[in-house]
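Visitor: Please pick one part of this structure and give it a close look. I would like to see how it is built into the rest.

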Amino acid sequence: MSEKIEKKIQVLFLSAWYPTKYDAMDGLFVRKHAEAVGKHTNLIVLYAHENLTEKEFSIETVSTDTHQEIQVLYPVYGKGILAKISKNISFL
């Protein structure tokens, strides 16, 4: 008797919007899509967002029943035009 071993494909979501601790509704449709796709694949969601509470980089990893989420939080320094420049440099 041989058992059929099913290989799941590897999928990476790179999203511009995704729920964070700052806004649970931001990109909720992407999370729902990830939950649906993750049932049939090995899925990782990678998302970068500015860190609104601290001035440092941090990486938060969450594993769910269907997929893994990796959120990179980056700092923003300054105000006005300096904040926009800082945000873009930190994001890169």
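Guide: A strand here is a DSSP run of E with at least two residues, and strands are numbered from the N terminus. By that naming, L14 sits in strand β1. Keep in mind that this is a predicted model.

First, the setting. The protein has two helices and four strands. Along the sequence they come in the order β-α-β-β-β-α. Of the 92 residues, 29% are buried. The part I pick is strand β2, residues 42-50.

Start with the inside. The largest nonpolar core has seven residues: F13, Y18, V30, A34, L43, V45 and Y47. Two elements give two or more residues to this core, namely α1 (28-38) and β2. The largest share, three residues, comes from β2.

Take L43, one member of that core. Leaving out residues up to four places away in sequence, L43 touches V11, L12, F13, A34, V37, G38, H67 and Q68.

Now the outside. L12, L14, I44 and L46 make a nonpolar surface patch of about 350 Å². β1 (10-14) and β2 each give two or more residues to this patch. L14 has a relative accessible area of 64%, so L14 counts as exposed.

Compare the numbers. L43, V45 and Y47 are in the core, while I44 and L46 are in the patch. A general rule helps here: side chains in a regular strand alternate between the two faces of the sheet.

Next, the neighbour of β2. Eight bridges join β2 to strand β4 (residues 67-74), and the two run parallel. One bridge partner to note is E69 in β4, which pairs with V45.

β4 also pairs with strand β3 (residues 58-63), through six bridges, and this pair runs antiparallel. Here the residue E69 appears again, as the bridge partner of V62. Three residues lie between β3 and β4, and the two strands form a hairpin.

Stay with E69. Is E69 buried or exposed? It is buried, because its relative accessible area is 5%, and the cut-off for buried is under 20%. Yet E69 has a charged partner: R31 forms a salt bridge with E69, with the closest N and O atoms 3.1 Å apart. R31 is in helix α1 and E69 in strand β4, 38 residues apart, so the pair links distant parts of the chain. R31 is partly exposed, at 22% relative accessible area.

The hairpin holds another such link. The side chains of E60 and K21 meet in a salt bridge, 3.2 Å from N to O. E60 lies in β3 and K21 in the loop between β1 and α1, 39 residues apart. E60 is partly exposed at 29% relative accessibility, whereas K21 is exposed at 55%.

The count of salt bridges comes to three. The remaining pair is K32 and E35, at 3.9 Å from N to O. These residues are three apart in helix α1, which means about one helical turn separates them. E35 is partly exposed, at 29% relative accessibility.

Step back for the whole chain. Among contacts with a separation of 6 or more, 52% are between residues 24 or more positions apart. The accessible surface is about 6,900 Å², and carbon and sulfur atoms hold 60% of that area.

To return to β2: this strand gives three residues to the core, shares the patch with β1, and runs parallel to β4.

Key. Residues are numbered from 1 along each chain as its sequence is written. This is a predicted model: local features need pLDDT of at least 70, side-chain atom pairs count only at pLDDT 80 or more; totals for chains, interfaces and linings use all residues. Side-chain values use heavy atoms; hydrogens and water are left out. A nonpolar core is a set of buried Ala, Val, Leu, Ile, Met, Phe, Trp, Tyr and Cys residues joined through side-chain atoms within 4.5 Å. Buried means under 20% relative accessible area, exposed over 50%, partly exposed in between (1.4 Å probe, protein chains only). Contact means heavy atoms within 4.5 Å. Two strands pair if DSSP finds at least two bridges between them. Patches are made of residues with over 30% relative accessible area and no salt bridge: like charges are joined within 9 Å, nonpolar side chains (Val, Leu, Ile, Met, Phe, Trp, Tyr) within 5 Å. Accessible areas come from the Shrake-Rupley method with a 1.4 Å probe; for residues, only the protein chains shown count as cover. A salt bridge is a side-chain nitrogen of Lys or Arg within 4 Å of a carboxyl oxygen of Asp or Glu.
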